[in-house]
Amino acid sequence: MTLALIFIAVLMLGSAALAMLLRNLIYSALLLIVSWAGVAAFYLWAGAEFVAFAQVLVYVGAISMVVLFAVLLTRQNHSAELPVEPATKARAATAILSAACLGAILAAAILSTSFHHTAAEAPATSVRQIGLELMHRQGAALLIVGVILTVALLGATILAATDPKRKPEDAP
Amino acid sequence: MTTAPDSFLERAPLELRDWAVQLLPGPLQWLAHHLITVVAILAVFGLFFAFTTIAERKLLARLQNRLGPNRTGLPKFSILPWHLKHTLFGLSQPFADAVKALTKEDIVPAAADHFLHFLAPVIVVAFSLMTFAVLPFGREYLPVDLDAALLYFFAAGAATELAIFMAGWSSRNKYSLLAAMRALAQLISYELPLILSVVPVVLVTGTLSTKAIVLSQGYWIFGFLPHWFVFTPWGFAGFIIFLIAALAESNRSPFDLPEAESELVAGHLTEYSGFKYALFFMAEYFGLTALSGLGVTLFLGGWQAPFPFLEFIPSYLWFMMKLIGMIMFFIWVRGTLLRLRIDQLTRLAWQFLVPLALLNVGNAAFWVLTTHWAGPLQLVRWGVSLVIVILPFFFLGRSLSAGYAPRTYRYAP
């Protein structure tokens, strides 16, 4: 089990690190997707099937497409694959500063968490329990998220529905 | 369910597997158990794919008043003293095709990204095969019984889009990339009505497990009518939306624009040749089969027999019969309907199917809230549900096609 965890961790962190190192944006995006798939694998390892499948569906299926479309639609110059040096010292300094801030926050979070050393018992949660929990205790949050998503969906439909008058051969 | 017929035929494949497993030493048994399941799925659906292609070519040919492939017989093996001259109605055509695809030269463009170009067909086949793991093929024939099986099905299917993007981008060909983007636009547009059409089933059965969904369609109304979801108003509407979205998701005619055979080069597959092309082709059919299987599971009662007196036929045969029926229907649609344009395609999804699917979710909620209605109220329940299905369909269709007179065709005298 630990071996699997190490493998998943190496996959996740390695692909994320490679994504940052590579200069080809498409490669970076694809490696980022591998990293997300690694997160899903970790959820599976931890016995959270539902979250793992949701992670794959949302990140590998949907958000990856947003990222890839964004990359393809924004890349303008042909020199994107050439190595780019940090342009100015100010930029390098900002990069180091922001990395240090993030590192500090993460370190503080890790250090302030107390880990229980007792053997954790995997709670046997079924999809049904998750659903009931979401509907009762987290009902308000679920409702708000649902309303926002439905409004977004309806908005997309209305945007698609209100186009100017078309020619007869455009009939759906 | 009335009686659970544990006939010999029903149990035979399981008994065979168990017999094969117990021949092996203890530690290997669980591995063998799963390997046999995997190999069975690969063999059955590999052959099913082969015969789907020949059935499609034959049926399309008949629909177009042709004969279709009818010459491939058995090869003459040099060891044998005789040669069976019968052409077997051309039924061995897929095997000839497979040999051809395997021996063809695999051409990779010089500028292509070799790794991704290789990876794309592998991913698309692997993930389309993974979806078969949660389909209940029979009473006892569910490869993996997951609690969140439906979610798994769609999660595994989501990787197809990634593979199409990789195929289009790694080819380093403008047309491949553009076609991949078009294919992605189509897949993303139709994923929404596909999933929304499945939600009512989840709402009514209260589970994501495919096994439980089939079991909940198991009893008989008045003792002989099947209680399949397609025979309820919301189930019927959901099934139709599911069919249309499944056609679009598996790039089938009339939604086969990504690689419209008669118009484009081959879409995102332009730079693929040899067995890699065959793999994409295979994945397309696997995807179609898996989606048909899901449709059968969700709406057509899965492996249940349509009438109580037909329960003596093994459950897996019922599943396969329904599956073949769905595939035949898809081939029929391909032979009948004309291809859509890309704007018509996306408009159909966003303006027509998504609103109807959303309303259908509400319809299913109404159905769940009124389960305790009995007697004449049952008629009211059916009536209201039918109205929720029919009226929006009618008015939405009318308003979308308002102002368009039926097109008149004029032919040269």
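## Notes on a predicted two-chain model

1. Let's start inside chain B. Helix α8(B) is largely enclosed by the rest of the structure, because 14 of its 17 residues are buried. This is a predicted model, so please read every value below as computed from the predicted atoms.

2. The geometry of α8(B) is worth a quick check too. The helix covers residues 233–249 of chain B, and at 1.5 Å a residue its 17 residues should span 24 Å; the end C-alpha atoms are 24 Å apart, which agrees. Just after α8(B) comes N251(B), with a positive phi of about 55°, in case you want to look at the backbone there.

3. Helix α4 of chain B, residues 114–130, also has 17 residues. From first C-alpha to last it reaches 25 Å, close to the 24 Å expected at 1.5 Å a residue. Which residues of α4(B) are buried? They are H117(B), A120(B), P121(B), V124(B), V125(B), F127(B), S128(B) and L129(B). The cover over these buried residues includes α5 and α9 (274–299) of chain B.

4. Now for chain B as a whole. Its secondary structure amounts to 12 helices and two strands. Going from the N terminus, the order is α-α-α-α-α-α-α-β-β-α-α-α-α-α, which puts the two strands next to each other in the run of elements. Of the 413 residues, 39% count as buried.

5. How does the overall size of chain B fit its length? A compact globule of 413 residues would have a radius of gyration near 22 Å, and chain B has 23 Å, which agrees. Along the principal axes, the C-alpha trace of chain B spans about 75 × 65 × 45 Å. Taking contacts in chain B between residues at least 6 apart in sequence, 75% join residues at least 24 apart.

6. Chain B is divided into two domains: domain 1 takes 11–74 + 87–103, and domain 2 takes 108–369. Their C-alpha centres lie 21 Å apart. The contact between them draws 15 residues from domain 1 of chain B and 14 residues from domain 2 of chain B. On the domain 1 side, α2 (26–63) and α3 (93–103) of chain B each supply at least two residues, and α2(B) gives the most, with 12 residues. By class, that side of domain 1 has 11 nonpolar, three polar and one charged residues.

7. Chain A has six helices and zero strands, so to speak an α-α-α-α-α-α pattern when read along the sequence. Buried residues make up 15% of its 172 residues. Among contacts in chain A between residues at least 6 apart in sequence, 49% join residues at least 24 apart. Chain A is divided into domain 1 (1–75) and domain 2 (127–160), and the C-alpha centres of these two domains of chain A lie 25 Å apart.

8. Where do the two chains meet? The contact takes 24 residues from chain A and 29 residues from chain B. On the chain A side, α2 (25–45), α3 (49–74) and α6 (139–161) of chain A each supply at least two residues. Of the elements in chain A, α3(A) gives the most to this side, with 11 residues. The chain A side divides into 18 nonpolar, four polar and two charged residues.

9. One residue of α3 in chain A makes a handy example. A52(A) lies in this helix and is buried, because 23 other C-beta atoms lie within 10 Å, where 20 or more are needed. Not counting residues up to four places away in sequence, A52(A) touches A40(A), Y43(A) and L44(A). The C-alpha atoms of A52(A) and A37(A), 15 residues apart along the chain, are separated by 8.8 Å.

10. Finally, the nonpolar core. The largest one has 114 residues, and those with the most contacts inside it are V56(A), A148(B), Y152(B) and L353(B). Helix α5 (residues 149–170) of chain B contributes the largest share of this core, 16 residues. A148(B) is a good place to zoom in: leaving aside neighbours within four places in sequence, A148(B) is in contact with E49(A), F50(A), F53(A), V127(A) and L208(B).

How values were computed: Residues numbered from 1 in each chain as written. Chains lettered and ligands numbered in written order. Predicted model: local features only at pLDDT ≥ 70, side-chain atom pairs only at ≥ 80, totals over all residues. Contact = placed C-beta atoms within 7 Å. Helix = DSSP H or I, 4+ residues; strand = E, 2+ residues; numbered from the N terminus. Nonpolar A, V, L, I, M, F, W, Y, C, P; charged D, E, K, R; others polar. Domains from an automatic or database assignment. Core = buried A, V, L, I, M, F, W, Y, C linked by C-beta atoms within 7 Å. Buried ≥ 20, exposed ≤ 12 C-beta atoms within 10 Å, placed from the backbone. Rg over C-alpha atoms; globule rule 2.2 N^0.38 Å. Expected span 1.5 Å × (residues − 1).
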